[in-house]
Amino acid sequence: MLNRIEFQFSERLKKGEKLFIPYVMAGDGGLEVLGGRLALLEKFGASAIEIGIPFSDPVADGPVIQQAGIRALQAGTTLKAVIEKIKEVRKLISVPLIVMTYMNPILAYGIDRFVSDLQQAGVDGCIIPDLPIEEEEIIIHQLEECGVELIRLVTMATPKDRIINIAEKGRGFLYTVTVKGITGVRNELDDSLSSFLKSVKEISNKPVIAGFGVSNPEQVKELSQDCDGVIVGSKIVDLFNQNKINEIKLLMESSLVSEEVI
């Protein structure tokens with residue numbers, strides 16, 4: 001049986017569409033705004049939505065998302081409260097929801113409880129950037145049993161044999177990191193990125209989604225030529241923080257327009 005990520009992504013890709021996954025930091029601006037933001041992003045064309053959990057040591061995140069996490073923590077946001085809020089608003093959102101967090105909060109919460117609560121909240125996937133494949137045994141069986149996809153990451157520094165090993169696992173998508181470093185807006189893409197994405201696409205039998213440093217429609221379209229879609233984080237977070245909702249709409253709509261239509 002296809003999970004929600006597999007089903008919705010395959011349906012969009014069959015139509016020739018590219019995938020666009022925006023990221024939001026839960027609790028930034030207050031946890032009460034999360035449902036409204038998810039609804040807006042779905043309305044603007046999101047293929048899925050990545051929901052960040054605020055954490056005091058977010059090793060993969062750049063300054064914009066770090067600051068959003070600090071604001072969320074200062075507002076009293078907890079992992080338990082985020083999951084409860086997702087469960088509350090899930091019936092209003094039809095696209096896949098993917099939680100992004102680190103192992104420390106999961107261990108503090110309790111692995112079994114964390115996975116069970118994700119399932120009950122209607123979460124479809126989980127990204128844990130500080131969990132290497134060698135350590136997956138700590139949580140992968142619980143996730144698989146509850147039907148929550150572990151979304152794995154590869155980078156330009158990942159050896160080819162390791163990419164092959166990672167790409168064989170799971171049924172969601174392969175998160176392909178487009179920068180040599182942390183998240184954050186970049187004005188230019190790495191020259192070797194196109195060939196890297198093409199090579200990952202040849203290896204993976206799941207959708208290949210590019211993320212980290214993607215901030216404008218031109219970058220989205222450039223990257224999407226060599227993979228199945230993109231994740232945009234820092235730019236969306238920054239625009240939400242400035243309450244520039246129309247700019248988010250324009251960013252997503254212009255990114256999702258195919259070159260043939262322009």
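In this predicted model, helix H10 (residues 217-224) and helix H12 (245-256) make a convenient starting point, with axes that come within 9 Å and cross at roughly 30°. Because an angle under 35 degrees counts as roughly parallel, H10 and H12 are described as roughly parallel to each other. The crossing by which H10 passes H12 is right-handed. On the H10 side, the contact is formed by Pro 217, Val 220 and Lys 221, and these meet Leu 251, Ser 254 and Ser 255 of H12. Sorted by character, the residues of this contact comprise three nonpolar, two polar and one charged.

A second helix pair can be read in the same spirit. Helix H3 (residues 63-74) packs with helix H11 (residues 234-241) at an angle of about 50°, and their axes are 9 Å apart. H3 and H11 are therefore oblique to each other. Here H3 passes H11 in a left-handed crossing. Val 64, Ile 65, Ala 68 and Arg 71 are the residues that H3 brings to the contact, while H11 supplies Ser 234, Val 237, Asp 238 and Asn 241. Four nonpolar, two polar and two charged residues make up this contact.

H11 deserves a further look on its own. Its buried residues are Ser 234, Ile 236, Val 237, Leu 239 and Phe 240. Ser 234 and Val 237 also appear in the contact with H3. The partners against which the buried residues of H11 pack are strand E1 (19-25), helix H2 (34-43), H3, strand E8 (229-232) and H12. After H11 comes Asn 243, whose phi is positive, near 60°. That positive value belongs to a residue other than glycine. Asn 243 is placed in the loop between H11 and H12. With a relative accessible area of 59%, Asn 243 is exposed, since exposed residues are those over 50%.

Attention now turns to two annotated positions. An unreviewed UniProt entry places the feature "active site" at Glu 50 and Asp 61. Glu 50 belongs to strand E2 (residues 49-52), whereas Asp 61 lies in the loop between E2 and H3. Glu 50 has a relative accessible area of 4% and is buried. For Asp 61, the relative accessible area is 4%, and this residue is buried too. Both assignments follow because buried means under 20% relative accessible area.

The surroundings of Glu 50 can be listed once its neighbours within four places in sequence are left aside. Its contacts are then Ile 21, Pro 22, Tyr 23, Val 24, Ile 98, Met 100, Ile 127, Tyr 175 and Ile 231.

Another buried loop residue completes the picture. Thr 101 is located in the loop between strand E3 (97-100) and helix H5 (103-109). Its relative accessible area is 0%, so Thr 101 is buried. Setting aside neighbours within four places in sequence, Thr 101 is in contact with Ile 53, Ile 106, Phe 114, Ile 127, Ile 128 and Pro 129. Ile 127 is thus found among the contacts of Thr 101 and also among those of Glu 50.

Note on methods
Residues numbered from 1 in each chain as written. Predicted model: local features only at pLDDT ≥ 70, side-chain atom pairs only at ≥ 80, totals over all residues. Heavy atoms only, no water. Axes fitted to C-alpha atoms, helices over the stretch in contact; angles between N-to-C directions. Helix = DSSP H or I, 4+ residues; strand = E, 2+ residues; numbered from the N terminus. Parallel < 35°, antiparallel > 145°, perpendicular 65-115°, else oblique. Left-handed = near helix turned anticlockwise from the far one by under 90°. Contact = heavy atoms within 4.5 Å. Nonpolar A, V, L, I, M, F, W, Y, C, P; charged D, E, K, R; others polar. UniProt positions renumbered as here; feature names shortened; annotations may be inferred. Buried < 20%, exposed > 50% of the residue type's maximum accessible area, 1.4 Å probe, protein only.
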